[in-house]
Amino acid sequence: MENKKNHKLLKQIMKFAVVGGLAFVIDFTVYTIVVKTLHGDKSYLIAGICGFTVSLIFNYLASMAFVFERKDDADKKKEFVIFLVLSLIGMGLNTLLLWLYVDALTGNIAFIYNIHEAIYNWLVSINVAFFKSVGEFIEICAKVFATAIVMVYNFISRKMTLEKKDEK
């Protein structure tokens with residue numbers, strides 16, 4: 001019985017990873033386009049909100065269709081509101097992590113900035129840099145870091161609140 005539950009959970013995590021991976025691609029693509037388009041002082045924050053919002057819609061539809069088993073008596077409007085609230089908390093966490101990474105850490109701690117600058121310069125030297133500057137590279141690294149943290153939050157919070165509970 002326990003082995004069957006573990007298998008079901010592992011399968012669900014893999015589905016979540018696929019849906020989340022696709023949502024990340026959508027989020028990351030929108031984020032990158034907005035960062036490269038705006039070039040403003042806090043453009044990465046606006047880009048983070050834009051990417052997160054577009055991917056949220058895809059993520060809700062795909063998660064409820066393929067990842068989580070709906071509660072039998074689920075009110076879809078209420079379900080979406082819960083998904084939205086959890087996602088807004090995730091977006092807040094994402095935005096906070098972006099700010100911490102870009103402004104608080106790399107903006108104020110020279111050692112951390114220098115590590116990013118060294119990696120950026122190495123990427124430029126081997127012709128694989130897709131970034132216009134160290135700052136843009138830092139913003140992209142921040143997005144990857146924030147996404148990894150928020151992904152764990154998203155799975156746990158959605159599983160606890162949206163999914164039908166197994167009957168014992």
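Helix 4 and helix 5 are roughly perpendicular to each other in this predicted model, because their axes cross at roughly 105°, a value inside the 65 to 115 degree range that earns the description. Helix 4 covers residues 110–125, and its axis comes within 9 Å of the axis of helix 5.

Which residues make the contact between helix 4 and helix 5? From helix 4 come Tyr113, His116, Glu117, Ile119, Tyr120 and Leu123. Helix 5 answers with Val134, Phe137, Ile138 and Cys141. Sorted by class, the contact of these two helices has eight nonpolar residues, one polar and one charged.

**His116 at the crossing**

His116 is a good place to look more closely. This residue sits in helix 4 and counts as buried because its relative accessibility is 8%, with the cut-off for burial set at under 20%. Setting aside neighbours within four places in sequence, His116 is in contact with Val134, Phe137, Ile138 and Cys141, and also with Tyr101 and Thr106. With Ile138, the C-alpha to C-alpha separation is 6.6 Å, although the two residues stand 22 apart along the chain.

**The loop that follows**

Between helix 4 and helix 5 runs a loop, and Asn127 lies in it. Is Asn127 buried or exposed? At 70% relative accessibility, Asn127 counts as exposed, since the threshold for that word is over 50%. Its backbone is also worth a glance: phi of Asn127 is near 60°, a positive value in a residue other than glycine. Most residues other than glycine have a negative phi. Asn127 is 54 Å from Asp72, C-alpha to C-alpha, with their positions 55 residues apart in sequence.

**The chain as a whole**

Stepping back, the secondary structure comes to five helices and zero strands, which reads along the sequence as α-α-α-α-α. The C-alpha trace spans about 55 × 35 × 25 Å along its principal axes. Of the 168 residues in the chain, 36% are buried. Among contacts between residues at least 6 apart in sequence, 72% join residues at least 24 apart.

**The second largest pocket**

Now for some open space. The second largest pocket holds about 250 Å³ and is lined by 17 residues. Which of them lie nearest its centre? They are Gly20, Ala23, Asn59, Thr147 and Asn154. Helix 1 (2–38), helix 2 (43–67), helix 3 (76–105) and helix 5 (134–162) are the elements that give two or more residues to this lining. Helix 1 gives the most, with six residues. By class, the lining divides into seven nonpolar, eight polar and two charged residues.

Thr147, one of the residues nearest the centre of the pocket, is found in helix 5. At 17% relative accessibility, Thr147 falls under the 20% cut-off and therefore counts as buried. Beyond residues up to four places away in sequence, Thr147 touches Phe24 and Asn94.

**Two more residues to visit**

Ala23, another residue nearest the pocket centre, links to two further positions. One of these is Ser55, placed in helix 2. Ser55 counts as buried, because its relative accessibility is 7%. Its contacts, leaving aside neighbours within four places in sequence, are Ala23, Ile26 and Asp27.

The other position is Ala104, found in helix 3. Here the link to Ala23 is one of distance: the C-alpha atoms are 27 Å apart, and the residues are 81 apart in sequence. Why is Ala104 called partly exposed? Its relative accessible area is 22%, and the class covers values between the buried limit of 20% and the exposed limit of 50%. Ala104 touches Trp99 and Ile109, not counting residues up to four places away in sequence.

To set these residues side by side, here is a short table of accessibility.

| Residue | Place | Relative accessibility | Class |
|---|---|---|---|
| Ser55 | helix 2 | 7% | buried |
| Ala104 | helix 3 | 22% | partly exposed |
| His116 | helix 4 | 8% | buried |
| Asn127 | loop between helix 4 and helix 5 | 70% | exposed |
| Thr147 | helix 5 | 17% | buried |

Terms used
Residues are numbered from 1 along each chain as its sequence is written. This is a predicted model: local features need pLDDT of at least 70, side-chain atom pairs count only at pLDDT 80 or more; totals for chains, interfaces and linings use all residues. Side-chain values use heavy atoms; hydrogens and water are left out. On a 1 Å grid over the protein atoms alone, a cavity is a set of points where a 1.4 Å probe fits but cannot get out, and a pocket is an open set with protein on both sides within 12 Å along at least five of seven lines; lining residues have an atom within 4 Å of a point. Grid points are joined across faces, edges and corners, and a volume is the space filled by probe spheres set on the points. Helices (H or I, at least four residues) and strands (E, at least two) are DSSP runs, numbered from the N terminus. Ala, Val, Leu, Ile, Met, Phe, Trp, Tyr, Cys and Pro count as nonpolar, Asp, Glu, Lys and Arg as charged, and the others, Gly among them, as polar. Buried means under 20% relative accessible area, exposed over 50%, partly exposed in between (1.4 Å probe, protein chains only). Contact means heavy atoms within 4.5 Å. Axes are lines fitted to C-alpha atoms, for helices over the stretch in contact, and angles run from 0 to 180 degrees between N-to-C directions. Angles under 35 degrees count as roughly parallel, over 145 as roughly antiparallel, 65 to 115 as roughly perpendicular and the rest as oblique.
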